[in-house]
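Me: Could you walk me through how to read a structure like this one? I would like the general idea of each feature and then the case at hand.

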Amino acid sequence: MEAKMKTFIRAIREDAGMTRAKLSEQSGVPIATIANWEQGRKAPNDLCRLKQVAKVLHVPIDTLIDWDSVGLEYDE
């Protein structure tokens, strides 16, 4: 079974008091795409779109991704 990348987009969006529709409008990212990312149905694979979401939410792009869910090993 393939693991899905999880994001923190929903929590950050809700903390900002923003609806999906408003985030979609301000970022130019389709609402269905945002919903898919938030619900883990699809992983963000378009960095330009993810960057726009991060910009609207006033957070670094890295903050939106739950890196533990990706399962990458880091060289430190």
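Reply: We will go from the overall layout to the helix packing and then to single residues. This is a predicted model, in which local features need pLDDT of at least 70 and side-chain atom pairs count only at pLDDT 80 or more, while totals for chains, interfaces and linings use all residues. Residues are numbered from 1 along each chain as its sequence is written, and side-chain values use heavy atoms, with hydrogens and water left out.

Me: Happy to start there. How many helices and strands are in the protein, and in what order do the elements run?

Reply: Helices (H or I, at least four residues) and strands (E, at least two) are DSSP runs, numbered from the N terminus. Here there are five helices and two strands, and from the N terminus on their order is β-α-α-α-α-β-α.

Me: What share of the residues in the protein is buried?

Reply: Buried means under 20% relative accessible area, exposed over 50%, and partly exposed in between, with a 1.4 Å probe and protein chains only. Of the 76 residues in the protein, 36% are buried. As for contacts (heavy atoms within 4.5 Å), 54% of those between residues at least 6 apart in sequence join residues at least 24 apart.

Me: Let me try one helix. How many residues of α3 are buried, and which are they?

Reply: Helix α3 spans residues 31-38, and six of its eight residues are buried. These are T33, I34, A35, N36, W37 and E38. The elements that cover them include β1 (6-7), α1 (9-15), α2 (20-27) and α4 (47-57).

Me: Two of those are helices I would like to follow. At what angle do the axes of α2 and α3 cross?

Reply: Axes are lines fitted to C-alpha atoms, for helices over the stretch in contact, and angles run from 0 to 180 degrees between N-to-C directions. The α2 and α3 axes cross at roughly 120 degrees and come within 9 Å. Angles under 35 degrees count as roughly parallel, over 145 as roughly antiparallel, 65 to 115 as roughly perpendicular and the rest as oblique. The pair α2 and α3 is therefore oblique. The contact involves R20, A21, L23, S24 and S27 from α2, with I31, I34, A35 and E38 from α3. By class it has five nonpolar, two polar and two charged residues. For the classes, Ala, Val, Leu, Ile, Met, Phe, Trp, Tyr, Cys and Pro count as nonpolar, Asp, Glu, Lys and Arg as charged, and the others, Gly among them, as polar.

Me: And how does α2 pack with α4: at what angle?

Reply: Their axes are 9 Å apart, at an angle of about 110 degrees. That makes α2 roughly perpendicular to α4. On the α2 side the contact uses L23, Q26 and S27, and on the α4 side Q52, V53, V56 and L57. It divides into four nonpolar, three polar and no charged residues.

Me: I noticed S27 in both lists. Is S27 buried or exposed?

Reply: S27, in helix α2, is buried, with a relative accessible area of 7%. Leaving aside neighbours within four places in sequence, S27 is in contact with I34, Q52, V53 and V56. A polar atom of the S27 side chain also lies 2.7 Å from the backbone oxygen of L23.

Me: Now the loops. Where does G40 sit, and what is its phi?

Reply: G40 is in the loop between α3 and α4, where it takes a positive phi of about 75 degrees just after α3. At 17% relative accessibility G40 counts as buried. G40 and K6 are 34 residues apart in sequence, with their C-alpha atoms 5.6 Å apart.

Me: Which side chains does the side chain of R41 make polar contacts with?

Reply: A polar contact is a pair of N or O atoms within 3.5 Å; within protein, one must be able to donate a hydrogen and the other to accept it, and residues adjacent in sequence count only if both atoms are side-chain atoms. The R41 side chain makes such contacts with the side chain of N36 (2.8 Å) and with that of Q39 (2.4 Å). R41 lies in the loop between α3 and α4 and is partly exposed, at 45% relative accessibility.

Me: One last residue: is H58 buried or exposed?

Reply: H58 is exposed, with a relative accessible area of 72%. H58 lies in the loop between α4 and β2 (65-66), and has a positive phi of about 60 degrees although it is not a glycine. The C-alpha atoms of H58 and A16 are separated by 9.2 Å, and the two residues are 42 apart along the chain.
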